[in-house]
Amino acid sequence: MSETLENLLNETRQFPPPAEFAAAANVTEGAYAEARQDRLAFWERQARRLSWAKDWDQVLDWTNPPFAKWFVGGQLNVAYNCLDRHIEAGRGDKVAIHWEGEPGDTRTITYADLHRSVCQAANALTDLGVTAGDRVAIYMPMIPEAAVAMLACARIGATHSVVFGGFSADALSGRVDDANAKVVITADGGFRRGKPSGLKAIVDEAAAKSSSIEKVIVVRRTGQDVDWDDSRDLWWHDVVETASAEHTAQPFDSEHPLFILYTSGTTAKPKGILHTTGGYLTQASYTHHAVFDLKPDSDVYWCTADIGWVTGHSYIVYGPLSNGATQVMYEGTPDTPHRGRFWELIQKYKITILYTAPTAIRTFMKWGDDIPAGFDLSSLRLLGSVGEPINPEAWMWYREHIGGDRCPIVDTWWQTETGAIMISPLPGVTASKPGSAMRPLPGIAADVVDDQAQSVPDGGGGYLVLREPWPSMLRTIWGDDERFKETYWSRFQDMYFAGDGAKKDADGDLWLLGRVDDVMLVSGHNISTTEVESALVSHPKVAEAAVVGATDPTTGQAIVAFTIPRGGVDTDGEAGEALIQELRNHVAKTLGPIAKPRQIMLVPELPKTRSGKIMRRLLRDVAENRSLGDVTTLQDSTVMDLISSGLQSGK
Ligand code: ATP
Ligand code: MG
């Protein structure tokens, strides 16, 4: 990307928080000034929200950048902070998790219940010889035992590495070996789309390839048949549920490794992102309190992410539980057994805070407004979004059809690497703009710079960077300090390079524009895929769009758009052709003639990663008539066939 990114989209709608919400908010405007005045003192105060066994001597040691140490010399136990201290405060009977299985079975788990299970699992792991510093892999469906396993590791100081339950045996064995994990915790399977999926069989396959696995602990979830290796495999109900429920949590150093999480690897060999203890929990806990305005006594919180992603780590396990939240955890997909499942859950549990992803929101838009309209969503008071830039029209749809025009929306930008939310509105303070993540949180120093590392003025675009270390930052890439420096700290001096493009609008508010690798260079102009996609989605006949730059003899790159029409839109023959022309003109009118797509293809689906993000790389292959690159991280491998066959039939 040369110099800067063009700034095309002009969004003027703005929504201040309702007065009542603002009056009762956990965090007010003053937090920004407080943090600006003394950033380290600000984070020190947030660390005090936790319970420490030993105080720190120094807030931040940044003498050997980019290797940070936070709360140096301090000691704490993460599981103690998520469980024991709530029980000691008399809240043991409070519900921690309302769990709902996909087939409709349910479990209600109090803090005391969760504590008991975590103590048992901690004792079982210890009996198997797992000690502080050992790595444990977790390959689970969305069942409470997944959270129990993570917390049990944290309790005994073992470093967990959760691998998403949809990944293949190769992906699993690669991650297990990279971390040298000696125990894998899994289940026979889980329920997805009405069917039991097999997890144990994949672990068997991975174990055959891996050199490090000694023991496999298996939760019985579906009851399906599994192969069994007596010397290696153990049932959870035999070893965990029979173990003692007495366990005293030992404190660990603030920089003790808490977990490794591999980024999804859409770009290259997965990176084992390492997070440690004190700083991570401080920021996960503070941001959950500040951004979601969590009121532990009255809120029912639901984050729809899978525990295999960082969102599940920070905003299902560590953030909410450290804050004593009551939350909903759901095993399955949004369309099983019907497309109103999410809304039914909100109605049933009277959920007040919902945190989900743009990909889900656009899918709900495609399915139609009448589905959420059939449920009582009046309990909701706050909505969140994470994972991709949210298109302004998707944001408006979310606000109107889910949030009843009353709930503030927090669009939260962060990454596996940042560990916790970095850029987001504060729901009781910020007058939000549809599609903007707005401002860095108090205590966070984000900026947008050009090629020369100069801060761009308001109205400009460029690279998103972080100028100062933050408590929940990654400490390194597991086993590869060089790659850590090279990937994040070499592009600009003394700044963390996030890999995302962004712009500042006239007010200085931030708009995320997708990955820098996805930016298009058209006739010398840098244009973001996100903005063109948002222009397409703003057309009433479009549900979803993905845009790529394809090599073009005259313009260098030309804009090619793959577009999913909304349900009921006629796309046959001439109607399809007319729609394509209408959409091309619509983009030109919205963003300017430079952004007019050379080509628009109407498609039934888009290729997505297993975390729901659009894989533009594969669409670039289609647009440039190449054979497809690596499709192993695709959620549904038949999607590319659907797209190709649609194209051949002239759509
Ligand atoms: P990999 O790094 O392996 O390719 P990934 O980047 O998709 O995978 P994550 O760490 O889960 O893995 O995602 C972080 C990225 O998601 C960010 O860098 C950004 O591109 C995007 N993202 C997350 N939240 C937002 C948001 N609110 N607005 C815009 N983009 C977002
Ligand atoms: Mg990434």
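**Exercise 1. Find where proline 337 sits, and work out what is special about the peptide bond leading into it.**

Step 1. Proline 337 belongs to the loop between strand S17 (326-330) and helix H12 (341-349). Keep in mind throughout that you're looking at a predicted model.

Step 2. Now check the bond from threonine 336 to proline 337: omega is near -5 degrees, and the bond is cis.

Step 3. Try another spot, proline 66, in the loop between strand S1 (58-61) and strand S2 (69-72). The bond that runs from proline 65 to proline 66 is cis too, with omega near 5 degrees.

**Exercise 2. Lysine 350 and alanine 453 each have a positive phi without being a glycine. Say where each one lies and whether it is buried, partly exposed or exposed.**

Step 1. Start with lysine 350, whose phi is about 50 degrees. You'll find this lysine in the loop between H12 and strand S18 (353-356).

Step 2. The relative accessible area of lysine 350 is 56%. Exposed means over 50%, so lysine 350 is exposed.

Step 3. Move on to alanine 453, with a phi of about 70 degrees. Its loop runs between strand S21 (446-449) and strand S22 (461-466).

Step 4. Alanine 453 has 23% relative accessibility, so it counts as partly exposed. The cut-offs behind that are 20% and 50%, with partly exposed in between.

**Exercise 3. Describe how helices H10 and H11 pack against each other.**

Step 1. The two axes are 8 Å apart, and the packing angle is about 85 degrees.

Step 2. Angles of 65 to 115 degrees count as roughly perpendicular, so H10 is roughly perpendicular to H11.

Step 3. Who does the touching? On the H10 side, look for Tyr280, Leu281, Ala284, Ser285, Thr287 and His288. On the H11 side they meet His313, Ser314, Tyr315, Tyr318, Gly319, Pro320 and Ser322.

Step 4. Sort those residues by class and you get six nonpolar, seven polar and no charged ones.

Step 5. Take a look at the surroundings of H11 (residues 310-322): 13 of its 13 residues are buried, so the rest of the structure largely encloses this helix. Just after H11 comes glycine 324, with a positive phi of about 70 degrees.

**Exercise 4. Is threonine 282 buried or exposed, and what does it touch?**

Step 1. Place it: threonine 282 is in helix H10 (residues 278-291).

Step 2. Its relative accessible area is 0%. Buried means under 20%, so threonine 282 is buried.

Step 3. Skip residues up to four places away in sequence, and threonine 282 touches Trp43, Gln46, Ala47, Leu50, Trp52 and Phe71.

**Exercise 5. Compare the pair H2 and H3: which word describes their orientation?**

Step 1. The axes of helix H2 (residues 30-37) and helix H3 (residues 39-47) come within 5 Å of each other and cross at roughly 120 degrees.

Step 2. That makes H2 and H3 oblique to each other.

Step 3. H2 brings Ala31, Glu34, Ala35 and Gln37 to the contact, while H3 brings Arg39, Phe42 and Arg45. By class there are three nonpolar, one polar and three charged residues.

**Exercise 6. Find the largest nonpolar core and the residues with the most contacts inside it.**

Step 1. As background, nonpolar side chains tend to be buried together in soluble globular proteins.

Step 2. Here, the largest nonpolar core has 133 residues, and Ile307 and Tyr318 have the most contacts inside it. Helix H6 (residues 144-156) gives the most to this core, with 10 residues.

Step 3. Zoom in on tyrosine 318. Beyond its neighbours within four places in sequence, its contacts include Val78, Cys82, Met150, Leu151, Leu258, Phe259, Tyr280 and Leu281.

Step 4. There's also a second, separate core of 52 residues, including Val328, Met520, Val532 and Ile600.

**Exercise 7. Zoom out: does the radius of gyration of the protein chain agree or disagree with that of a compact globule?**

Step 1. For 651 residues, a compact globule would have a radius of gyration near 26 Å. The protein chain has 24 Å, which agrees.

Step 2. Along the principal axes, the C-alpha atoms fill a box of roughly 70 × 60 × 50 Å.

Step 3. Of the 651 residues, 62% count as buried. The secondary structure comes to 20 helices and 30 strands.

Step 4. Finally, among contacts with a separation of 6 or more, 72% join residues 24 or more positions apart.

Technical notes. Residues numbered from 1 in each chain as written. Chains lettered and ligands numbered in written order. Predicted model: local features only at pLDDT ≥ 70, side-chain atom pairs only at ≥ 80, totals over all residues. Heavy atoms only, no water. Helix = DSSP H or I, 4+ residues; strand = E, 2+ residues; numbered from the N terminus. Buried < 20%, exposed > 50% of the residue type's maximum accessible area, 1.4 Å probe, protein only. Contact = heavy atoms within 4.5 Å. Core = buried A, V, L, I, M, F, W, Y, C linked by side-chain atoms within 4.5 Å. Axes fitted to C-alpha atoms, helices over the stretch in contact; angles between N-to-C directions. Parallel < 35°, antiparallel > 145°, perpendicular 65-115°, else oblique. Nonpolar A, V, L, I, M, F, W, Y, C, P; charged D, E, K, R; others polar. Rg over C-alpha atoms; globule rule 2.2 N^0.38 Å.
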